[in-house]
Amino acid sequence: MHDGERILIVGALLSAGLLASLLASRVRVPGLVLFLGVGMAVGSDGAGWIDFNDYNLARTVGIVALALILFEGGLAAGFPEIRPVLGPSLTLAVLGTLATAAITGLAAAWLFDFSTTEGLLVGAIVAGTDGAAIFALLRGSTLRRRLARTLEGESGMNDPIAVLLVLGFIEKLMHPDYGLADFVWLFVRQISIGAAVGIGVGYLFTFALREARLATAGLYPVATLASVALAYGAADTIHGSGFLAVYLAGLMLGSAAIPAKQTIATFHEGMAWVAQLSMFLVLGLLVFPGDLLGVAFEGTVLALVLVLVARPLATVLCTAPFRFSAAEQVVLGWAGLRGAVPVVLATFPVIDGIPRSHEFFNIVFFVVLLSTIVQGTTFEPLARRLGVTTEDPALPRPLAESGTIRRLGAEVLEFPVVEDDAIVGLAVRDLGLPREAVVNVIVRAGQAIPPRGSTRVVAGDRLHVLYREEASRQLVSLTSSWRSGPIGPRARPPREMRSRSSVFTARPWTDGDGDATRPAAVSGQAVIDLLRLRRDAPGSLVVLADGRYAVCGAVLVVGARRQVTEWVERRMHQAGEAERAWLRTVLGAVATDMVEIAQPSRPGSRGGVPSEPGGAPGAASA
């Protein structure tokens, strides 16, 4: 076969897979079922167009594809999204996978007359949920966000657990003296090395992408693709979990404010789809449909045990401490979709020459096919029937592509606000954004809100921040403060009634005064609050420790409310259009600030007494 013919076949198969995905959405059948069907149809036991029985190549394709899929899953989620559901996700991934493997494995040993270890190997192979299947399911779902994130986190973290179980039971079958201590050491070594490598590679590439200024946005996905290879390769080479490493690396990059983030996310979403198509088609080619008939009855019973007993029971036990309702537990149990991961794992015993391994492969393929059809076609209707869906998509999509914005020297940062973030309850103007950044939209409850400076941030918001590239380093430390603090205005000292007038100052701003955008002190007084930030030129309106206001910019004006107001009104008569707009902002901000001080019972008000700030007596200076 010539190279051109091989390339033609690959293109034809990928096109067939895409058509299958379109058909799947219309007939409400999981796309992976049709992808596998395409592979089976053109394989040796189907039309016979492609003769393929290379288990080693199939495993290699599966490992590469799974690494890309897991990385994309971590990248799309980001740790801020996973953090609120980390407990149930991790419990389901570890204890849930173990419980599912044990129950299903014992059933397999009884149904197929396997030894206990052989049965547990089959149970381990089908125990883990499939990341590709779960991510595909959630992208088209309106499941409640908490449930969707729990499933997403579990599917990303349970693959390494399933792989370790399979490797352990294979070792037990090959070496009867392989004991519990060896099993535990395998887990500890693989998980610890995989976690260390994944976090290390994620941190390294996060730092590198922030510091580097690549020539084009198209190079950033090349860098993140390199991180996938480095994370998996490094972890696997030193006997760690490569799958855990790539997921954690993706999670770290997805949590960071890095350049061209939307370009990177779009690229890896496409790569994940290519990986899914390739993996399912190759695995479909590997299956001989005629061999499935011999395991059909027992395989059906095993699939029912997995779907109706093992997964639901494991879910109830693992989620009991996390206050999920009964309906939510049912949906979490029913959402344990199997896909290509178990089929890839079923190639491991075949390659290692385990007795009856081809029978294991056929059993696993049949169970996966049946359980995926049953669960995949009924999941969304069941979730709606139980009332655990919303009007919003389970996984929010980006508002806009950022390619054009980046060519203009800017970036867009999307920041999901969770319940215990430091910025919850703060006004947008108190977020501490640099002059080169602005919150241009807030997505709240599925609605886009154009924010004002007084708009307060609530848990569940998604802040979309538009910023110039030169402000990227400031955004990194700032978003960290948004999570853990400190952030927001400091408490103002009480204002005392003074009989003497406040000192008023109006003079040109000098280099010795510092940064007019965010001054730390003005005229010897510490700045305790930033009221407004001027966007068209360096400047700000701040409150000083002695209670006076300061208008910073080309001219420095310091005084009490009345003094600053009178100066602004005089200045407006001779100011240009841009400065008049800024001065009107100053007038409104000072007036609003006094109202907030006069109403301390309002949420977020600063408290105090609505009086003129005092100060040492002295003459005004020009």
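Which residue in β10 is the bridge partner of A550? Select A550 and look across to β10: the partner is V558. Strands here, and helices later, are DSSP runs numbered from the N terminus (helices H or I with at least four residues, strands E with at least two).

Before going on, note that this is a predicted model, in which local features need pLDDT of at least 70, side-chain atom pairs count only at pLDDT 80 or more, and totals for chains, interfaces and linings use all residues. Residues are numbered from 1 along each chain as its sequence is written, and side-chain values use heavy atoms, with hydrogens and water left out.

**Stop 1: the sheet around β10**

Select residues 555-559, which make up strand β10. Of these 5 residues, 4 are buried, so the strand is largely enclosed by the rest of the structure. Buried means under 20% relative accessible area, exposed means over 50%, and partly exposed lies in between (1.4 Å probe, protein chains only).

Now add strand β9, residues 549-552. β9 and β10 run antiparallel and are joined by 3 bridges; two strands pair if DSSP finds at least two bridges between them. A hairpin of 2 residues connects β9 to β10. Besides A550 and V558, look at Y549, which stands opposite G559 in β10.

Next, add strand β5, residues 505-508. β5 pairs with β10 in the antiparallel sense over 4 bridges. R507 has L556 in β10 as its bridge partner.

Extend the selection to the whole sheet: 6 strands in the order β5-β10-β9-β8-β7-β6, open, with antiparallel pairing. The edges are β5 and β6 (521-522); each has a single partner strand, so one side of each is left without a neighbour in the sheet. Then show residues 561-572, helix α20, which packs on the sheet and touches β5, β9 and β10. The direction of α20 makes about 145° with that of β10. Axes are lines fitted to C-alpha atoms, for helices over the stretch in contact, and angles run from 0 to 180 degrees between N-to-C directions.

**Stop 2: the four-stranded sheet**

Move to the open sheet of 4 strands in the order β1-β4-β2-β3, also listed with antiparallel pairing. Its edge strands are β1 (410-416) and β3 (447-449), each pairing on one side only. Neighbouring strands of this sheet are turned by 25° against each other on average, direction ignored.

Select β1 together with β4 (residues 462-468): the two run antiparallel and are joined by 7 bridges. To check the register, pick L413, whose bridge partner in β4 is V465.

**Stop 3: aromatic rings**

How many aromatic pairs does a search of the whole structure find? The search finds 8. Rings of Phe, Tyr and Trp (its six-membered ring) pair if their centres lie within 6.5 Å; planes under 30 degrees apart count as stacked, over 60 as edge-to-face and the rest as tilted. For F415 and W482, the ring centres are 5.0 Å apart and the planes stand at 85°, so the pair is edge-to-face. F415 lies in strand β1 and W482 in helix α19 (residues 472-484), so the pair ties together parts that are 67 residues apart in sequence. F415 is buried at a relative accessible area of 5%, and W482 is buried at 0%.

Then select F169, Y178, F183 and F187, which form one aromatic cluster.

**Stop 4: nonpolar cores**

A nonpolar core is a set of buried Ala, Val, Leu, Ile, Met, Phe, Trp, Tyr and Cys residues joined through side-chain atoms within 4.5 Å. The largest one has 102 residues, of which V166, M279, L302, L345, F361 and I363 touch the most other members. Helix α3 (residues 55-77) gives the most to this core, with 12 residues. A second, separate core of 20 residues includes V417, V428, L431 and Y467.

Centre the view on L345. Leaving aside neighbours within four places in sequence, L345 is in contact (heavy atoms within 4.5 Å) with I125, A162, V163 and V166.

**Stop 5: two buried hydroxyl residues**Select T100 in helix α5 (residues 86-112). T100 has 2% relative accessibility and so counts as buried. Its side chain reaches the backbone oxygen of G96 at 2.7 Å. Leaving aside neighbours within four places in sequence, the contacts of T100 are A127, L306, A310, R311, A314 and R338.

Finish at S357 in helix α17 (residues 357-385). S357 counts as buried at 4% relative accessibility. Not counting residues up to four places away in sequence, S357 touches P349 and V350.

Terms used: A polar contact is a pair of N or O atoms within 3.5 Å; within protein, one must be able to donate a hydrogen and the other to accept it, and residues adjacent in sequence count only if both atoms are side-chain atoms.
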